[in-house]
Amino acid sequence: MSAELLAIDPVAAAQRLLGGVLTSRGTSAVIVEVEAYGGPPDGPWPDAASHSFRGRGGRNEIMFGPAGRLYTYLSHGIHVCANVVTAYDGVAGAVLLRAGAIQDGVDVALGRRGGPLGESALGRGPGNLCQALGITMADNGIQLFDPASPVTLSLADPHSGVSGPRVGVSKAADRPWRFWLAGHPEVSAYRRSPRAPAPGASD
């Protein structure tokens, strides 16, 4: 498998990631839910909800390629979230890993999460997934297709998945850029941001 398979538009890449396996520090998870994010207004996929919308600079530099790298950020200053960089070198695009079904290292993942949790809850939500897999902010920029990386990715056969609006974004809130595999209890419930316009009033 090669990062070149993700050097495509982020929506197509999001679907390509479904069913793939993320392996990290004694654990692995099947990717069951993702969200695509585009880039700045002058790019091919303008996306006001994307971290790259205001242009290139700082931590979002990773989002401008090349494809196949990991982009991490803190949600609410607390939870580490992981994205797979897509698109082309110099063009921003990324896919947020929203949920995964823990495949190997369930006990390790449970120890990282803590508390009495069912297996389906271990990787539900982007912050929980990173915690379960031991992904940290220090992993920002690593090459996911390098066997020597602490976090690696292998792709499965393509899945189209089910689509719907992204969770919790206040801008571009109606885009059906979230994709998931039906029938997986790890998929998160849809929650619309209270700051988003009424349904149908956003792009």
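In the predicted model, strand β2 and strand β8 (residues 178–180) pair in the antiparallel sense, with three bridges between them. Within this pairing, E35 has R178 of β8 as its bridge partner. Strand β2 is also joined to strand β1 (residues 21–24) by four bridges, and these two strands likewise run antiparallel. L22 is matched with A29 of β2 as its bridge partner. The hairpin formed by β1 and β2 has two residues between the strands, and R25 takes a positive phi near 50° in this hairpin. A further antiparallel pairing, over nine bridges, links β2 to β5. There, S28 stands opposite D104 of β5. Of the 11 residues of β2, 11 are buried, so the strand is largely enclosed by the rest of the structure.

These strands belong to a protein with four helices and eight strands. Read from the N terminus, the order of elements is α-β-β-β-β-β-α-α-α-β-β-β. The C-alpha trace spans about 45 × 35 × 35 Å along its principal axes. The radius of gyration is 16 Å, which agrees with the value near 17 Å that a compact globule of 203 residues would have. Of the 203 residues, 52% count as buried. Among contacts between residues at least 6 apart in sequence, 61% join residues at least 24 apart.

Aromatic side chains were examined next. A search of the whole structure finds two aromatic pairs. In the pair of W45 and Y88, the ring centres lie 6.0 Å apart and the planes stand at 40°, so the arrangement is classed as tilted; the tilted class covers plane angles that are neither under 30 degrees nor over 60. W45 is located in the loop between β2 (27–37) and β3 (70–75), whereas Y88 is located in the loop between β4 (79–85) and β5 (94–104), so the pair ties together parts that are 43 residues apart in sequence. W45 has a relative accessibility of 18% and counts as buried, because the limit for a buried residue is under 20%. Y88, with a relative accessible area of 40%, is partly exposed. Another ring, that of W177, has a charged residue over its face: R175 lies at 4.7 Å from the ring centre.

The segment after β8 contains S202. S202 is buried, with a relative accessible area of 18%. The side chain of S202 has polar contacts with two backbone nitrogens. One is that of A173, which the S202 side chain reaches at 2.8 Å. The other is that of A172, which lies 3.3 Å from a polar atom of the S202 side chain. With neighbours within four places in sequence left aside, the residues in contact with S202 are K171, A172, A173, D174, R192 and P197. A172 and A173 thus appear both in this contact list and as the residues whose backbone nitrogens face the S202 side chain.

How values were computed. Residues are numbered from 1 along each chain as its sequence is written. This is a predicted model: local features need pLDDT of at least 70, side-chain atom pairs count only at pLDDT 80 or more; totals for chains, interfaces and linings use all residues. Side-chain values use heavy atoms; hydrogens and water are left out. Rings of Phe, Tyr and Trp (its six-membered ring) pair if their centres lie within 6.5 Å; planes under 30 degrees apart count as stacked, over 60 as edge-to-face and the rest as tilted. Buried means under 20% relative accessible area, exposed over 50%, partly exposed in between (1.4 Å probe, protein chains only). A charge sits over a ring if NZ of Lys or CZ of Arg is within 6 Å of the ring centre and within 35 degrees of the ring normal. Two strands pair if DSSP finds at least two bridges between them. A polar contact is a pair of N or O atoms within 3.5 Å; within protein, one must be able to donate a hydrogen and the other to accept it, and residues adjacent in sequence count only if both atoms are side-chain atoms. Contact means heavy atoms within 4.5 Å. The radius of gyration is taken over C-alpha atoms; the globule rule is 2.2 Å times the number of residues to the power 0.38.
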